Structure formats: structure tokens, C-alpha cells
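Colleague: Could you take me through one part of this model in detail, namely the pockets and the surface around them? I would like a connected account that I can follow with the structure open beside me.

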Amino acid sequence: MAKALKRVDDIAAFRMGRVRVDKVPVRRMKTLAKYGAGTKAPLLARLNEPRKMATMLG
């Protein structure tokens with residue numbers, strides 16, 4: 001739980017506010033979330049920027 005809260009704090013530091021995802025298909029969001037949850041941080045860090053951000057927010 002402490003690690004999860006630290007991640008939330010780290011992401012909040014970007015001060016992006018809410019990201020509009022209403023135009024992203026639900027299936028795509030689920031796929032990104034599943035990929036992000038099951039992937040190690042170093043691999044996520046190597047993703048190209050649009051994919052990295054989408055995966056982290058998914």
C-alpha cells in the first residue's frame with residue numbers, strides 16, 4: 001500500500017490534472033492498464049512517450 005501511495009504521489013507531481021480519456025475505447029484502456037500492471041518499470045521506461053503516458057494513465 002505504501003508503494004502504491006508513493007506512485008500516486010510521484011504521478012501527482014507532474015501536475016497534469018485530469019486527463020480526458022473519454023474518446024479512448026474502453027477495450028484499449030483495459031489493455032493498456034493490464035499491460036502497465038504486468039510490466040516491470042524498466043521496460044515501461046523504455047516505451048516511446050505517447051505509449052508510456054497512455055500506459056501509465058491507463
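Modeller: What follows begins with the chain as a whole and then turns to the pockets, the nonpolar surface and some single residues.

Please keep in mind throughout that this is a predicted model, and that the values below are computed from it. The protein chain contains 4 helices and 0 strands, so that, read from the N terminus, its elements follow the order α-α-α-α. Along the principal axes, the C-alpha trace of the protein chain extends over about 30 × 25 × 20 Å. Of the 58 residues in the protein chain, 10% count as buried, a class that requires under 20% relative accessible area. The protein chain exposes about 5,300 Å², and carbon and sulfur atoms supply 61% of that area.

Let me start with the largest pocket, whose volume is about 380 Å³. Its lining is made up of 16 residues, and those that lie nearest the centre of the pocket are Arg7, Ile11, Gly36, Leu44 and Met56. Helix 1, helix 2, helix 3 (41–45) and helix 4 are the elements that each give two or more residues to this lining. Sorted by class, the lining of the largest pocket holds 9 nonpolar residues, together with 4 polar and 3 charged ones.

The second largest pocket has a volume of about 220 Å³. The residues that line it are Val8, Ile11, Ala12, Phe14, Arg15, Met16, Gly17, Arg18, Val19, Val21 and Leu57. Helix 1 supplies the largest share of this lining, with 3 residues. By class, the lining of the second largest pocket divides into 8 nonpolar residues, 1 polar residue and 2 charged residues. Ile11 deserves a second look here, since this residue is among those nearest the centre of the largest pocket and is also one of the residues that line the second largest pocket.

Two residues from the lining of the second largest pocket can be followed further, beginning with Val19. Val19 sits in the loop between helix 1 (2–12) and helix 2 (26–37), and this residue counts as partly exposed because its relative accessibility is 38%, a value that falls between the limits of 20% and 50%. Arg18 is likewise found in the loop between helix 1 and helix 2, but Arg18 counts as exposed, because its relative accessible area of 83% is over 50%. Measuring from C-alpha to C-alpha in the model, Arg18 lies 16 Å from Arg7, with 11 residues of separation in sequence.The surface around this pocket carries a nonpolar patch, formed by Ile11, Phe14, Met16, Val19, Val21, Val24, Met53, Met56 and Leu57, which together have about 720 Å² of accessible area. Helix 4 (residues 49–57) gives the most to this patch, with 3 residues. Among the patch members, Phe14, Met16, Val19, Val21 and Leu57 also appear in the lining of the second largest pocket, while Met56, another member of the patch, is among the residues nearest the centre of the largest pocket.

Turning to charged side chains, a search of the whole structure finds 1 salt bridge. It is formed by Lys6 and Asp10, whose closest N and O atoms are 2.7 Å apart. The two residues are 4 apart in helix 1, and therefore about one helical turn separates Lys6 from Asp10. Lys6 is partly exposed, because its relative accessible area is 47%, and Asp10 is partly exposed as well, with a relative accessible area of 36%.

Two further residues help to place helix 2 and the loop that follows. Arg28 is found in helix 2 and is partly exposed, with a relative accessible area of 39%. Between the C-alpha atoms of Arg28 and Ala54 there are 9.9 Å in space, although the two residues are 26 apart in sequence. Gly38, by contrast, is found in the loop between helix 2 and helix 3, and is exposed, with a relative accessible area of 67%. The C-alpha atom of Gly38 is separated by 19 Å from that of Asp10, a residue 28 positions away along the chain.

Definitions and conventions:
Residues numbered from 1 in each chain as written. Predicted model: local features only at pLDDT ≥ 70, side-chain atom pairs only at ≥ 80, totals over all residues. Heavy atoms only, no water. Patch = residues over 30% accessible without salt bridge, like charges linked within 9 Å, V, L, I, M, F, W, Y side chains within 5 Å. Areas by Shrake-Rupley, 256 points an atom, 1.4 Å probe, with all protein chains shown as cover. Salt bridge = Lys/Arg side-chain N within 4 Å of Asp/Glu carboxyl O. Buried < 20%, exposed > 50% of the residue type's maximum accessible area, 1.4 Å probe, protein only. 1 Å grid on protein atoms, 1.4 Å probe; cavity = no way out; pocket = protein on both sides within 12 Å on 5 of 7 lines; lining within 4 Å. Points joined across faces, edges and corners; volume = space filled by probe spheres on them. Nonpolar A, V, L, I, M, F, W, Y, C, P; charged D, E, K, R; others polar.
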